[in-house]
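Good morning, colleagues. Today I would like to speak about aromatic ring pairs; please look at the structure as I bring it up.

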Amino acid sequence: MNKNKSTPEPTPIRGSWLSAIAAATAIVFTFCMAIFIQQNSHFIADDFDHFTDAAVKSLPEMMLTRIDVHFVPLHKLSSYLIFKLAPLSFDLALLVMTAQWLTAMALLYLVSRRFIPTAPACLLAVVITASPVWIHVLVWWSAAAHRLPYFILQAAAILAYLRYRDRENPLMFMLCITLQVLAFGFYVKAVLFPVIFLGLEVCVAASTQRLSRAGIKLCIGLGVVSLLYTCWYLLSPDSMRVGAELTLIQTIELAIHQVLRLGAVLLFLPLDYS
């Protein structure tokens with residue numbers, strides 16, 4: 001017998017088990033939360049304004065009508081489809097919101113997994129899934145239809161950015177730009193994409209000791225889209241414009257807040273980006 005022959009080590013499965021447990025926990029929690037919401041909530045406030053528009057207006061006219069202080073045509077489209085498929089069915093709306101919620105959490109895990117090991121990434125995803133900051137969104141269709149698609153698109157754009165940063169694939173560049181454009185359809189905060197991604201680039205560069213030319217190019221591309229949107233907004237009819245105007249100082253403060261909020265998350269995590 002050859003005593004020098006080494007015994008193959010078993011394949012580690014700890015990371016897979018942690019991911020499975022985290023996914024199961026998030027799904028069970030979300031399912032229980034959906035049952036509670038289904039029994040205790042319904043359409044409220046702005047929801048009925050959207051459904052009234054869906055009943056009396058054509059789809060193009062409805063999509064071009066702003067919601068209070070938001071011009072978000074894809075948000076209006078989602079309300080239109082919900083109303084036409086099952087008028088005033090909160091069950092259908094809750095099903096859509098729950099599916100979006102789980103998709104957002106899955107993307108959050110994939111993003112965090114690029115920066116931190118499996119265990120803290122799983123913990124982070126589960127903690128945010130159970131966060132009351134997000135739970136209250138699911139009890140109100142109009143709020144969820146703004147934020148959940150926006151969150152999904154932003155997380156998907158971050159994944160595209162990271163892949164583009166690794167290898168300058170033009171498809172990833174165009175995908176990231178497209179996701180930003182779609183995000184505008186749900187939430188005007190998409191105008192802050194270049195600021196958020198620049199903050200992300202600074203954090204990743206601090207971890208890797210290397211500023212990525214590809215990352216900077218993508219931030220510039222996102223900035224061009226935001227600039228074009230801002231110019232369109234300033235030249236658009238008053239009926240499509242936001243009701244509350246921001247001063248230049250308020251806009252700068254909001255941009256700084258976005259960078260600091262992202263930096264506060266990333267700089268205090270055990271980053272291991274590679």
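**Aromatic ring pairs**

Let me begin with Phe-90, which counts as buried because its relative accessibility is 3%, under the 20% limit. I should say at once that the model before you is predicted.

The next residue to consider is Phe-43, which is likewise classed as buried, at 4% relative accessibility.

How many aromatic pairs are there in total? The count comes to eleven aromatic pairs. One of them joins Phe-43 and Phe-90 in an edge-to-face arrangement, with 5.3 Å from centre to centre and 85° between the planes. Phe-43 sits in the loop between helix H1 (14-40) and helix H2 (46-56), while Phe-90 belongs to helix H5 (residues 90-113), so this pair ties together parts that lie 47 residues apart in sequence.

I now turn to a second pair, Tyr-229 and Trp-232. Their ring centres are 5.6 Å apart and their planes meet at 40°, so the pair is tilted: the angle falls between the 30 and 60 degree cut-offs. Both residues lie in helix H11 (residues 213-235), three residues apart, which is about one turn of the helix.

Is each of these two residues buried or partly exposed? Tyr-229 is buried, with a relative accessible area of 17%, whereas Trp-232 is partly exposed, at 34%.

Finally, I draw your attention to a cluster. Tyr-150, Tyr-161, Tyr-187, Phe-193 and Phe-197 are linked into a cluster by ring pairs.

Note on methods. Residues are numbered from 1 along each chain as its sequence is written. This is a predicted model: local features need pLDDT of at least 70, side-chain atom pairs count only at pLDDT 80 or more; totals for chains, interfaces and linings use all residues. Side-chain values use heavy atoms; hydrogens and water are left out. Rings of Phe, Tyr and Trp (its six-membered ring) pair if their centres lie within 6.5 Å; planes under 30 degrees apart count as stacked, over 60 as edge-to-face and the rest as tilted. Helices (H or I, at least four residues) and strands (E, at least two) are DSSP runs, numbered from the N terminus. Buried means under 20% relative accessible area, exposed over 50%, partly exposed in between (1.4 Å probe, protein chains only).
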